[in-house]
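Please go through the model shown here with the briefing below at hand. The points are grouped by topic.

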Amino acid sequence: MSTDPLVVFTPSGKRGNFPVGTPILTAARQLGVDLDSVCGGRGICSKCQITPSYGEFPKHGVTVSEDALSEWNKVEQRYKDKRGLIDGRRLGCQATVQGDVVIDVPPESQVHRQVVRKAATARTITMDPATHLYFVEVQEPDMHEPTGDLERLERALHEQWGIERITADLTILSRLQPVLRKGKWQVTVALHKSHKDSTHKVLEIWPGLTEERIYGLAIDLGSTTIAAHLCDLRNGEVKASSGVMNPQIRFGEDLMSRVSYAMMNPGGDKEMTNAVRVAINGLTESIATEAGIRPFQIVETVFVCNPVMHHLLLGIDPVELGQAPFALTTSESLELNARDLDLTVMNENAQVYILPCIAGHVGADCAAVALSEEPGKSEDLVLIVDVGTNAEILLGNTSRVLACSSPTGPAFEGAQISSGQRAAPGAIERIEINPETKEPRFRIIGSDLWSDEDGFDAAIATTGITGICGSGIIEAVAEMRMAGLLDESGLIGSAEQTGTARCVPEGRTHSYLIHDSSAEGGPRITVTQGDIRAIQLAKSALYAGARLLMDEMGVDRVDRVVLAGAFGAHISTKHAMVLGMIPDAPLDKVTSAGNAAGTGARIALCNIAARAEIEQVVRQITKVETAIEPKFQEHFVAANAIPHKTDPFPDLAKVVTLPAVAFNTGGSYAESGGRRRRRRG
Ligand code: FES
C-alpha cells in the first residue's frame with residue numbers, strides 16, 4: 001500500500017496517491033479529473049481553481065489536516081490582489097499535496113462541464129467544443145538552430161499541451177511574428193480540432209495570455225426564418241439569441257418555388273445564395289452587438305438546414321432537388337472555412353460545420369432534431385414533429401427510426417394568415433372562445449393578463465394588439481371547432497347558424513371577428529375562411545407525413561408525441577390535437593420541446609463527439625420520401641377534416657366533445673382542399 005498522501009476529488013470521486021509536492025493540477029490530470037487550465041500551470045489564467053476541504057471524511061476514509069496543502073503562495077496572492085479569488089479557493093497549479101486531502105472542483109473549473117438544456121426534456125450538453133484556447137511559451141529564435149516561428153510554436157504546443165500537428169492559414173502567418181514578439185514569446189492561440197482527424201488549425205492568436213472569450217454561432221437556417229444562438233465556447237452559455245426573416249422569401253415563399261426560381265432564371269440560384277449570405281452576415285453583426293462582443297470573437301458556426309437551404313447556402317444550384325430522385329450533391333457533414341461561404345463578419349478564420357443530411361428532402365435540420373430528441377434511444381415509440389415551413393417528422397424507438405419531411409407551408413409561422421404575424425409583442429398567442437356565448441378572450445405576447453381581466457388595457461398600452469401569431473392561430477381554429485363555429489370540414493358558419501354576430505359574411509364565406517379596433521385606427525383581427533384553409537393544408541401535410549411513417553412502421557398508434565419547432569414551446573398540445581395536427585395519443589403523452597433543430601445545432605457546436613454521433617446516427621435512419629409516395633395524398637385528403645375524416649381520436653374524445661355541426665350541404669370543402677396544389681415549404 002502506498003504511503004504517499006491520498007487525494008480525493010469531488011464531485012467525480014476519483015482518487016489516487018501522490019508524492020508530497022505534487023501540484024493538484026498534475027494529480028487531477030493523472031487521474032483524468034476534469035480540471036481546466038489555459039495557461040498550462042503558470043498561475044496566470046485562474047482556470048484551475050479548486051476548493052480543499054478539511055476535517056473528517058468518513059465517506060472517503062480520510063482525515064484532512066489544515067496543512068494538507070502547501071502554503072498559500074505569492075502567485076496566488078498576486079492573482080487574488082489583481083483579480084480576486086473567492087475565500088477558500090486555491091489555484092490547483094500552485095497548491096501542492098502535503099497530506100491526505102479532499103479537493104472539490106467547482107463547476108466553473110470543469111472543462112467538460114454540463115450545461116442543462118432549457119427544455120421540457122431537460123438534457124445536458126457536455127462541453128467539449130472543437131475550438132479551445134491554449135497559452136504557450138515559445139522558444140526564441142536562435143541563429144545556431146534555425147527554425148521558423150511557426151515550427152517553434154508547434155513544438156511548444158507539443159511539449160506543453162501534447163498537441164501533435166498544427167496548420168495555419170496565411171492570415172495567421174502574416175501576424176505570427178509581430179504577435180510573438182509583442183507577447184515576449186508568450187501567446188494564446190485558438191486551436192480548432194476536427195473530429196475527423198488529429199490536425200489542429202490556428203484560428204486566432206493573441207500576445208500573452210488573452211482575456212478574450214471565444215464564441216460560436218448555432219444557426220437554424222429555415223425557409224422562412226434564420227434563427228441563431230450565440231454561445232460562449234468555454235461554458236456553453238447562450239449569450240444572445242436572434243433571428244431574421246430569410247430574405248429568399250422574395251424569390252418564393254416555399255422551397256419548391258425557390259427551386260423553380262433557380263430553374264427559370266439563369267443565375268437565380270446565385271442571387272438566392274447571395275441574399276442568404278448577406279442576411280447571415282447581418283445577423284452575425286447584430287447578435288454580436290446584442291451580446292456586447294466583437295464579431296471576430298466568433299470562431300465557429302454550426303448550420304442546420306433543409307436540403308434546399310443547404311445547397312443555396314453552399315452556392316450549389318438546387319435544381320436536382322426539384323425532381324425525383326431528389327439527389328443531393330452530398331449528404332455528408334461538411335467542415336468549411338466561413339470565408340468560403342462569404343461569411344466575412346465573423347473571424348476571418350472561423351470554421352463552419354454543417355450537419356449531415358439524411359437523404360432527398362430530409363435534411364440536416366432533421367438530423368439536428370434526431371440529435372436533440374434522440375428517438376433512437378427511446379424505449380417507447382415516439383413521434384417527433386418539428387413544425388416549421390417544412391416540417392421534420394421522426395418516428396422511432398431503440399429498434400428503428402424513420403424520418404420524413406413534409407411541406408406544411410408557412411401558415412404555422414403566421415404567414416399566409418390574414419391577420420398573421422411573427423411571434424412578437426402585441427401578437428395574440430392564446431385564445432379561448434366561450435362555447436355558450438361564442439365570445440373570445442385572449443392573451444397577447446408581452447402581457448400575462450387575459451383580455452377580459454382588469455388592467456388588460458393598461459398592460460397592453462405600449463404594444464397594442466397587432467395580429468395573431470402561429471400558436472395563436474392554432475388555438476383560434478381549434479377553439480372555433482370546439483365552440484361550434486366551425487364544422488368538421490372546416491367551414492365557418494354564418495351568424496344565423498352559429499348564433500353569434502361575430503361570424504360575419506365575407507364574400508361567399510364567413511369570418512370570425514376576434515378583435516376590432518378599427519374605429520381607433522387599429523387592426524380588425526379576424527379568422528377568415530382562407531385562414532382556415534391555409535391551416536388545414538398545413539396540418540394535413542403534417543398529419544399525412546406522420547401517418548406515412550406509421551404505415552411504414554406498421555402501427556396505428558404511437559406511445560408519445562413531441563411537438564417541437566419555433567413555437568413548439570408555446571403550442572397548446574390539446575389544441576394541436578383538436579386540430580388534428582398530430583395523431584391521437586393520451587394528452588399527457590404529448591409534450592412540447594423548444595426549437596429542437598436549433599438545439600441540435602447548439603449541441604453540435606458545444607460538443608464535437610456529438611458531431612461524430614450524429615454522422616453515425618443518420619446512417620441508421622430510414623428516409624421516407626413524401627413527395628413520391630401515393631399514400632401521402634390519400635392521407636392528406638382525409639386529414640383535411642378537423643380533426644380527421646376517418647381516423648378515430650379516442651384519447652381526444654375522453655377530454656373534448658366536438659359539436660356535431662355541419663354548415664355546408666353541397667360539395668365537401670375538405671375534398672376540394674385535397675385537390676389544391678401542395679408545395680414543399
Ligand atoms: S493553470 Fe492557469 S492559473 Fe493555474
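What follows covers sheets, helix packing, nonpolar cores and unusual backbone sites. The model is predicted. One open sheet has five strands, and another has four. The largest nonpolar core holds 90 residues, and apart from it lies another core, of 71 residues.

**Five-stranded sheet**

- The strand order is β2-β1-β7-β3-β6, and the pairing is mixed.
- β2 (15-17) and β6 (90-91) are the edge strands; each has a single partner strand, so one side of each lacks a neighbour in the sheet.
- β1 (residues 6-10) pairs with β2 in the antiparallel sense, over three bridges.
- Within that pairing, L6 stands opposite N17 of β2.
- Helix α1 (residues 24-31) packs on this sheet and touches β1, β2, β3 (49-53) and β7 (101-104). The direction of α1 makes about 75° with that of β1.

**Four-stranded sheet**

- This open sheet runs in the order β10-β12-β13-β11, again with mixed pairing.
- At its edges are β10 (131-137) and β11 (165-168), each paired on one side only.
- On average, neighbouring strands here are turned by 40° against each other, direction ignored.
- β11 and β13 (residues 199-207) run parallel and are joined by four bridges. R165 has T199 of β13 as its bridge partner.
- Helix α3 (residues 149-161) lies across β10, β11 and β12 (186-193), at about 100° to β10.
- Helix α4 (residues 170-182) lies across β11, β12 and β13, at about 45° to β13.

**Helix pair α5 and α6**

- Helix α5 (residues 255-264) packs with α6 at an angle of about 130°, and their axes are 6 Å apart.
- The two helices are therefore oblique to each other.
- On the α5 side, R258, Y261 and A262 make the contact; on the α6 side, G268, D269, E271 and M272 do.
- By class, this contact has three nonpolar, one polar and three charged residues.

**Nonpolar cores**

- In the largest core, of 90 residues, L221, F303, L355 and L394 have the most contacts inside it.
- Helix α6 (residues 268-291) gives the most to this core: nine residues.
- L394 touches residues including C366, V369, A370, P375 and V382, leaving aside those up to four places away in sequence. Also among its contacts are L402, L549 and I621.
- Apart from this core lies the one of 71 residues; I474, Y543, V578 and F632 are among them.

**Unusual backbone sites**

- Most residues other than glycine have a negative phi, and most peptide bonds are trans. The sites below depart from this in phi or in omega.
- T10 and P11 are joined by a cis peptide bond, with omega of about 5°. P11 lies in the loop between β1 and β2.
- A cis peptide bond also leads from I642 to P643, with omega near 0°. P643 is in the loop between α16 (630-638) and α17 (650-655).
- K184 is not a glycine, yet its phi is positive, near 55°. K184 sits in the loop between α4 and β12.
- F326, also not a glycine, has a positive phi of about 55°. F326 is in the loop between α7 (307-314) and β18 (334-337).
- Which of these counts as buried or exposed? K184 counts as exposed, at 67% relative accessibility, whereas F326 counts as buried, at 9%.

Key:
Residues are numbered from 1 along each chain as its sequence is written. This is a predicted model: local features need pLDDT of at least 70, side-chain atom pairs count only at pLDDT 80 or more; totals for chains, interfaces and linings use all residues. Side-chain values use heavy atoms; hydrogens and water are left out. Two strands pair if DSSP finds at least two bridges between them. Contact means heavy atoms within 4.5 Å. Axes are lines fitted to C-alpha atoms, for helices over the stretch in contact, and angles run from 0 to 180 degrees between N-to-C directions. A nonpolar core is a set of buried Ala, Val, Leu, Ile, Met, Phe, Trp, Tyr and Cys residues joined through side-chain atoms within 4.5 Å. Buried means under 20% relative accessible area, exposed over 50%, partly exposed in between (1.4 Å probe, protein chains only). Angles under 35 degrees count as roughly parallel, over 145 as roughly antiparallel, 65 to 115 as roughly perpendicular and the rest as oblique. Ala, Val, Leu, Ile, Met, Phe, Trp, Tyr, Cys and Pro count as nonpolar, Asp, Glu, Lys and Arg as charged, and the others, Gly among them, as polar.
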